[in-house]
Amino acid sequence: MAKYVYMDGKLVEKDQAKVSVFDHGVLYGDGVFEGIRAYSGRVFKLDEHIDRLFNSAKVIMLDIPLSKDEFKAAIIQVCKANGIRDGYIRPVVTRGVGNLGLAPWTCSNPTVFIIADSVQLYPKEYYENGMPLVTVATRRNNQEALSPIVKSLNYLNNIMAKIEARNAGVEEAIMLNTENYVAECTGDNLFVIQGRTVYTPPIIAGVLPGITRATVMELARLGEYTVKERMITRAELFLSDEMFLTGSAAEVVPVVKVDGRIIGDGKPGPITRDLIERFHTYVNAHGTPIA
Ligand code: PMP
């Protein structure tokens, strides 16, 4: 469990890690965040996560008051302070304390905090036997409103989709975009397999550019599978041979049912299992040392 949290340049005890009620992160969800894993004493894909955090901040015109190197050093510092070897790291940057209006320019200093804790995975059963999903009515954010490439503190859209999934008796939802193509899940990217080709929706389908997504695409290519980004319809999901999700917390999770339709033969498929194995080998051998 986390004992210390990084708050605005200092390590503070968990109980002292507090944000003001006037922080626009709290009042308006005005801010950005990341979710990063540590495996075997190394932070996985730290540069990629920091780049995505700074990109998210750039889009919403939020100046992060640390350089990328300082941010990375702060992440390593909080991991060390908590004795993290395997865990989950949550950096958050909010617009900071301001007045009660929307205007971000009333906020003088962005708030920066970093939590390093143990990881919450899906139940083991899903990794072994596959997970059921449903498609939901709630659409992924329209790109012309809040671009899904921004990992912002506004996750209500995805939370509504997750509630719909829960109401349908499953843990995760597949969200379509406003043009009815498959986008992604509420906190994970989605892949389907046909033959030896691994497909995933392109970023312009309205998905977060997942770092696990990019890693799995690279591992699939190394495994001599064909990898293609293309628009996918809901009906195509039902007819795929295999399906899986990717995300920093979830890693790679096989999917065996969508809207009551059995995917493939109803068990995690051979290519999915191969990619899961390749992923585990890869994560334990790569990353920025915490020591
Ligand atoms: N999509 C969404 C909406 C997410 O929140 C996440 C988790 N950050 C992902 C996909 C997976 O991205 P990553 O592999 O970088 O964790």
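**The ligand site and a salt bridge in helix 3**

A nitrogen atom of the ligand lies 2.6 Å from an N or O atom in the side chain of Lys-151. This contact, like everything described here, comes from a predicted model. Two further contacts involve oxygen atoms of the ligand: one is found 2.6 Å from a side-chain N or O atom of Thr-212, and a polar side-chain atom of Arg-52 is 2.8 Å from an oxygen atom of the ligand. On its own, the ligand would expose 390 Å², of which 95% is buried by the protein.

It is helpful to look next at the surroundings of these contacts. The ligand occupies the space of the largest pocket and is surrounded by 17 residues. Lys-151 and Thr-212 are among the closest of these, together with Tyr-155, Glu-184 and Ser-248. By character, the shell consists of nine polar, five charged and three nonpolar residues. Helix 6, spanning residues 211-222, contributes at least two residues to this shell, and so does strand 14, which covers residues 242-247.

Charged side chains also pair with one another in this model. Across the whole structure, 13 salt bridges are found. One of them links Asp-69 to Lys-72, with 3.7 Å between the closest N and O atoms, inside the 4 Å limit applied to such pairs. Why are Asp-69 and Lys-72 separated by about one helical turn? Both belong to helix 3 (residues 68-81), and they are three residues apart within that helix, which means that about one turn lies between them.

Note on methods:
Residues numbered from 1 in each chain as written. Predicted model: local features only at pLDDT ≥ 70, side-chain atom pairs only at ≥ 80, totals over all residues. Heavy atoms only, no water. Near = heavy atom within 4 Å. Polar contact = N/O pair within 3.5 Å; in protein donor to acceptor, adjacent residues only side chain to side chain. Areas by Shrake-Rupley, 256 points an atom, 1.4 Å probe, with all protein chains shown as cover. 1 Å grid on protein atoms, 1.4 Å probe; cavity = no way out; pocket = protein on both sides within 12 Å on 5 of 7 lines; lining within 4 Å. Sits in = over half its atoms within 2 Å of the grid points. Helix = DSSP H or I, 4+ residues; strand = E, 2+ residues; numbered from the N terminus. Nonpolar A, V, L, I, M, F, W, Y, C, P; charged D, E, K, R; others polar.
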